[in-house]
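Welcome, and let us take a walk through this structure together. Keep the sequence and the 3D view open beside you as you read.

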Amino acid sequence: MNMALSKSKTRHMPAPDLEPTRIELSRARFVARAWSETIPEARRTGQAALFARAALETFAAEVAPGFTLSPPFVTVKGKLDNTAQQLAESMGHLAATLPIMEGCNALTSLYTTLLPGKERSSLGAFYTPAALTQRLLDLAAEGGVDWKTARVLDPASGGGAFLLEAASRMRASLAGSEPAFVLAQLGTRLSGMELDPHAAGLSQAALEITLADLAQASGRDVPTFVKVCDTLEEKPEAVYDLVVGNPPYGRVQLTAAQRSRYARSLYGHANLYGVFTDIALRWTRPGGLIAYLTPTSVLGGQYYAALRRLLAEEAPPVAIDFVHARKGVFEDVLQETLLALYQKGGARTRFQVHYLNVDNERQARLTKNGKVGLPADATAPWLAPREPSHVPLIAAAEGLADRLTNWGYEVSTGPLVWNRFKPQMRARAGRGLHPLIWAEAVTADGRFVFRADKKNHAPFFKPEKGDDWLIVDRSCVLVQRTTAKEQLRRLIAAELSQDFIETHGGVVVENHLNMVRAIGTPKVSPAAVAAVLNSDIIDQVFRCISGSVAVSAFELEAIPLPSASAMSAIERQVSTGASRATIEKTLRRLFGLEKA
């Protein structure tokens, strides 16, 4: 297929409206997923691979006539029924009317869409929209990657979205070179690793389709780019200029040997994307770049404390984009995500932050959010602005040394896991019973209201012998443990007063609440702590720390706060019933954001 001739013929023609095709392909994708769910799980993976392969073969026959794809990396027993075969072929025909890269991505991603949910989760296999693939490689280019010479690795290449985009950029950088030379260069400098042989085979097929014209012009085969292997077990060589990708997500049970190998980046349980970040460091040459799409929890979660320290020491961030995607852009992904660029051996300096609005799979808008730096203790959460207005707030917060521990508090989770104590829950008060405090007792406006309104929520608890550890007998501040960025407030807190506790001889707190508890004699009263946590300014600071729905004790204890000695004005205002606006103004002054 003479691609240059094809382009010259259409150069002056108006661009076709591709939206009807995209809509039709999206509908077909929905039908295909419904079809896959009728197949027993034991057969579904094989059928998903056959379906995606059939669609790609139809696509190849149209966009690269006369070109023969290499066989799949693994043979699947059985075949598609006639209805599924026809649907796959129709999707291949539809994809052939789109730009070749878009068509390839639409069809290779079919496989993960059709997988059983449990397998998709265990593999951490999720489709990466083209807008994010392109933006992440743009970040790499901005960081200095030279596509003419760069060696590029995707250690969890999946359907090949990043390999396809990298191959396209490498090829464009070699425009005018002999086809055989271009193929040889790509074969030497572009690599992928993938555990799932079906995904690996599909991504190899997609690469072959996009490079078919070079193979036909040179009479040479398209190189094999993807190695089927367990990346966790591969012996690394630090030779790549860029390690890029969307690593798998989810907890993983490491072997003893693996846990020892990756111990430097582990804290508590292992998550695949954390391990793959450690792996990326091992494959990147000194001065090389790592460009990853990961959940935002890497910046703040306690489980990533060791990984943050490792990155700060060996590959500090160069730039970060926070992704805000419209509903439906990601399939089955609930976590907030970011695009990050790190440089191995780079300087630990202030780095650029952006806000990326993804309108659809192909288009995104970029807003600069300013520059931020890493904390002195890199294991602590990394404050980063989620929107431009956060930049001066973070600059102010970076100058505050106090935390809740400096005020005389520690944070723990409510001790009662209710479904383990069902027989001891009571609907009415009685002798020997204690109030059971649920998350709904902390109201949205920051008040404590004793209530148990939700299904299965009983208001009282009967302790048995040995249950003394469940009883809370001292005033504390309660904070809801689960909130989302879409809510008006991420921090929802209320004081649990000593009067209420003494009236009932102690209370029991359920574990959907955090308890901010005094250690000895606190320097700031619980009422003032609650007022500060309920302020707008602290809520916005917390949003710069936490990207998950969980409000963890670790993250609460990491919030920068004014010194305890500076809190006297807040104490007076709280004790005299000052308005929230008045308290807010004082806090802004303590942060240095408003004049006295």
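A search of the whole structure turns up 0 disulfides. For anyone who has not met the term, a disulfide is a covalent bond between the sulfur atoms of two cysteines. Please keep in mind that what you see is a predicted model. Two of its cysteines make a good starting point. C104 counts as buried because its relative accessibility is 0%, and the cut-off for being buried is under 20%. C229 is buried as well, with a relative accessible area of 10%.

Next, find strand β7, which covers residues 284-295. This strand is mostly covered, as 9 of its 12 residues are buried. Which strands does β7 pair with? Strand β4 (residues 240-245) runs parallel to β7, and 5 bridges join the two. To see one place where they meet, look for L242, whose bridge partner in β7 is L289. Strand β9 (residues 337-343) runs antiparallel to β7, and here 7 bridges make the connection. In this pairing, T294 has L338 of β9 as its bridge partner.

Further along the chain you will come to an open sheet of 4 strands, in the order β12-β20-β17-β18, with antiparallel pairing. Its edge strands are β12 and β18 (493-496), each of which pairs on one side only. Averaged over the sheet, and with direction ignored, neighbouring strands are turned by 25° against each other.

Let us look at strand β20 (residues 513-518) in this sheet. Is β20 enclosed or open to the outside? Of its 6 residues, 5 are buried, so β20 is largely enclosed by the rest of the structure. One of its partners is strand β12 (residues 409-413), which pairs with β20 in the antiparallel sense over 5 bridges. Within that pairing, V411 has V516 as its bridge partner in β20. Strand β17 (residues 476-480) also pairs with β20 in the antiparallel sense, over 5 bridges. Here C476 stands opposite R517 of β20.

From β17 you can step across to β18, since the two strands pair in the antiparallel sense over 4 bridges. V477 is a handy landmark, with E495 as its bridge partner in β18. Now bring a helix into view: α18 (residues 526-533) lies across β12, β17, β18 and β20. Relative to β18, this helix runs at about 170°.

There is another open sheet to visit, this one with 5 strands in the order β13-β15-β14-β19-β16 and with mixed pairing. At its edges stand β13 (425-426) and β16 (471-472), each with a single partner strand, so one side of each is left without a neighbour in the sheet. Within the sheet, strand β14 (residues 434-437) and strand β15 (residues 460-461) pair in the antiparallel sense over 2 bridges. You can pick out this pairing at P435, whose bridge partner in β15 is F460.

Our next stop is a loop. L561 sits in the loop between α20 (553-556) and α21. Is L561 buried or exposed? With a relative accessibility of 3%, L561 counts as buried. Leaving out residues up to four places away in sequence, L561 touches L400, D402, R403, L404, W407, V532 and I538. The C-alpha atoms of L561 and N406 are separated by 9.1 Å, although these residues lie 155 residues apart along the chain.

From that loop the chain leads into helix α21, which spans residues 568-575 and holds Q573. What does Q573 contact beyond its neighbours within four places in sequence? Its contacts there are A578, T582, I583 and T586. Q573 is buried, with a relative accessible area of 15%.

To finish, compare the directions of α21 and helix α22 (residues 580-590). Their axes come within 10 Å and cross at roughly 175°. Angles over 145 degrees count as roughly antiparallel, and therefore α21 and α22 are described as roughly antiparallel to each other. On the α21 side, A569, I570, Q573 and V574 take part in the contact, and they meet T582, I583, T586, L587, R589 and L590 in α22. Sorted by class, this contact has 6 nonpolar, 3 polar and 1 charged residues.

How values were computed:
Residues are numbered from 1 along each chain as its sequence is written. This is a predicted model: local features need pLDDT of at least 70, side-chain atom pairs count only at pLDDT 80 or more; totals for chains, interfaces and linings use all residues. Side-chain values use heavy atoms; hydrogens and water are left out. Buried means under 20% relative accessible area, exposed over 50%, partly exposed in between (1.4 Å probe, protein chains only). Contact means heavy atoms within 4.5 Å. Axes are lines fitted to C-alpha atoms, for helices over the stretch in contact, and angles run from 0 to 180 degrees between N-to-C directions. Angles under 35 degrees count as roughly parallel, over 145 as roughly antiparallel, 65 to 115 as roughly perpendicular and the rest as oblique. Ala, Val, Leu, Ile, Met, Phe, Trp, Tyr, Cys and Pro count as nonpolar, Asp, Glu, Lys and Arg as charged, and the others, Gly among them, as polar. Two strands pair if DSSP finds at least two bridges between them. A disulfide is a pair of cysteine sulfur atoms within 2.5 Å.
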